[in-house]
Amino acid sequence: MSLFAVLLEPTSLLAVSVLVLSLLWWRSTRRPPGLPPGPGPALPLLGHLHLLDKDPRPKFREWRRQYGDVFSLYMGGQLVVVLNGYHVIKEALVKNADVFSDRPYSFLNDRIDENKGLVGTSGTHWKEQRKVSLEILREMGLGKNVLAEKVQEEVTYYIKALNSFEGRPADVEEMTHKSVSNNIGSIVFGKRFEYDDPTFTHNLKCMDENIKIIGANAVINFFPWLEYLPGDLFKLKLALANVALVENQLSHPQIKAHVDTYSDGDAKDFIHAYIREIRKREESGQPTTIDEENLVKVIGDLFNAGTETTATAIRWALVFFLHNPDVQDKCYDEIQRVVGTERAPSMRDKPELTYLEATIMEVLRRANVVPFALQHGLSRDVTFHGYTIPKDAVVLPFQETALSDPEMWEEPTAFRPERFIGADGKLLKPDPFIPFGIGRRVCLGEPLARMELFLYLATMIQHFRFLPPEDGQLPSLEGILALTHSPKPFMVRAIPRE
């Protein structure tokens, strides 16, 4: 029998097919010369995913110790390069920003955001969306007193809601997310929502659910064919339904109402200003990405990014207050001395509330709300730290390593606000303190988030002493990792101060 005939035998054909496919996969996932080092050979289909737990951070820390500040692995067939430590992350995202500021292709981003909006786009599309969005946010008062006054107004509603518990143990997660989301609503829609508004509540639930879904099921990015399995094992259909619901119940009606009532003049909110920019470009006839489809996605980006991280940081602050009552007492004593009890804290008080500011910075450092910066892509092949990184690699800045590196921070696991106060009593900002990221992709809403954290926590501490439930049960210091690192559910008592 000829060799050709043998190869046509079913069992032989199957064996040859498996061999060929395995060779092709090995060729695509083997570590070519010049790549950053990393764990051993990648498995077919899995790459190195079999070595990672649900929380990859412990394994990444181990690999950093073993391979250095730049290492690589395969997630499925996708090459991922992990950057560790402040100096390496800064060198990539700041000094080589022209190369490292893109977003890589993402299956989830393609399906959910349709490669529109602000967070997941690259190149001229992203530059135009970011430029216009930043200009509008500044017009809306970003970093100015006019916006601080809106936040202060929302804080009063939050304080009333805390008062309603009358010192009983409560889980404040949902209420905190609603309150912070209202600050985004005031900027984007020009209105706030009542905490018991059913549509608002349902929309926030869908957004929060999607953050958990995307964080827990990111593996589908590396195996897009999993979408076609029966059922909805990775909850992609649920995530798409949630996006459609929020856009149809919240974004589209608000945009339509703004279009129907649009008039020239000073913009009243983000949507008004964005529509103005759309019309300017329509009149000029210039090519642009500023259109209603992108506006819908930008609204989603602002709500997701502007709500989740700040609300999560407020909850982490409560966790650390319960574990460190002396820190809470020192913050209160400082507020008493600078502000008193007859008026609410304002941004004018910030320069004198040094210990409170240091406490907020330590919350952001220790809680590590965003341990991994969003994935970065490359504009071209690049040589970095002596390694050759191809354009199609995914670059993952492991931001936690900047915030908790023992070489940069003394006793990094300890909660010590004093580390941010110099010998002269003034606030310090060490270079590795980058909780909002670094480089061109730094968080657009950082000024708003810093303002919110100051005004919320200052007012909360002024009005309440936060205690664990009567049984003394303290919340866990181990969080839940999805897209963000959030506290596990916990109960807290807000005891009104005399």
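**View 1. Asp329 and its salt bridge to Arg465 in the predicted model.** At 28% relative accessibility, Asp329 lands in the partly exposed class. Its partner, Arg465, is partly exposed too, at 32%. The closest N and O atoms of this salt bridge sit 3.6 Å apart. Asp329 belongs to helix H14 and Arg465 to strand S6, so the pair ties together parts that are 136 residues apart in sequence.

**View 2. Strand S6 and its partner, strand S9.** Here's the strand that carries Arg465: S6 covers residues 464-467, and its side chains alternate. Phe464 and Phe466 point to one face and are buried, while Arg465 and Leu467 point to the other and are not. S6 runs antiparallel to S9 (residues 493-496), and four bridges join the two. In that pairing, Leu467 stands opposite Arg493 of S9.

**View 3. A salt bridge between helices H9 and H13.** Glu173 pairs up with Arg315, with 3.7 Å between the closest N and O atoms. This one links distant parts of the chain: Glu173 sits in helix H9 (residues 173-188) and Arg315 in helix H13 (residues 292-323), 142 residues apart. Is each end buried or exposed? Arg315 is buried, with a relative accessible area of 2%, whereas Glu173 is partly exposed at 22%.

**View 4. The salt bridge of Glu166 with Arg168.** The closest N and O atoms here are 3.1 Å apart. Glu166 is exposed, at 62% relative accessible area, and Arg168 is partly exposed, at 43%. For the wider picture, the model's salt bridge count comes to 31.

**View 5. An open three-stranded sheet with two helices across it.** The strand order is S1-S2-S5, and the pairing is mixed. Strands S1 (70-75) and S5 (394-398) are the edges, each pairing on one side only. On average, neighbouring strands are turned by 30° against each other, ignoring direction. S1 and S2 (residues 78-84) run antiparallel and share six bridges, with Phe71 standing opposite Val82 of S2. Helix H3 (residues 57-67) lies across S1, S2 and S5, at about 135° to S1. Helix H4 (residues 86-95) also lies across S1, S2 and S5, at about 120° to S2.

**View 6. Ala344 in the loop between helices H14 and H15.** H14 spans 325-338 and H15 spans 354-367, with Ala344 in the loop between them. Ala344 is partly exposed, at 43% relative accessibility. Setting aside neighbours within four places in sequence, Ala344 touches Val339, Asp349 and Gln462. Val155 is 189 residues from Ala344 in sequence, yet their C-alpha atoms are 9.8 Å apart in space.

Note on methods
Residues numbered from 1 in each chain as written. Predicted model: local features only at pLDDT ≥ 70, side-chain atom pairs only at ≥ 80, totals over all residues. Heavy atoms only, no water. Pairing = 2+ DSSP bridges. Axes fitted to C-alpha atoms, helices over the stretch in contact; angles between N-to-C directions. Contact = heavy atoms within 4.5 Å. Buried < 20%, exposed > 50% of the residue type's maximum accessible area, 1.4 Å probe, protein only. Salt bridge = Lys/Arg side-chain N within 4 Å of Asp/Glu carboxyl O.
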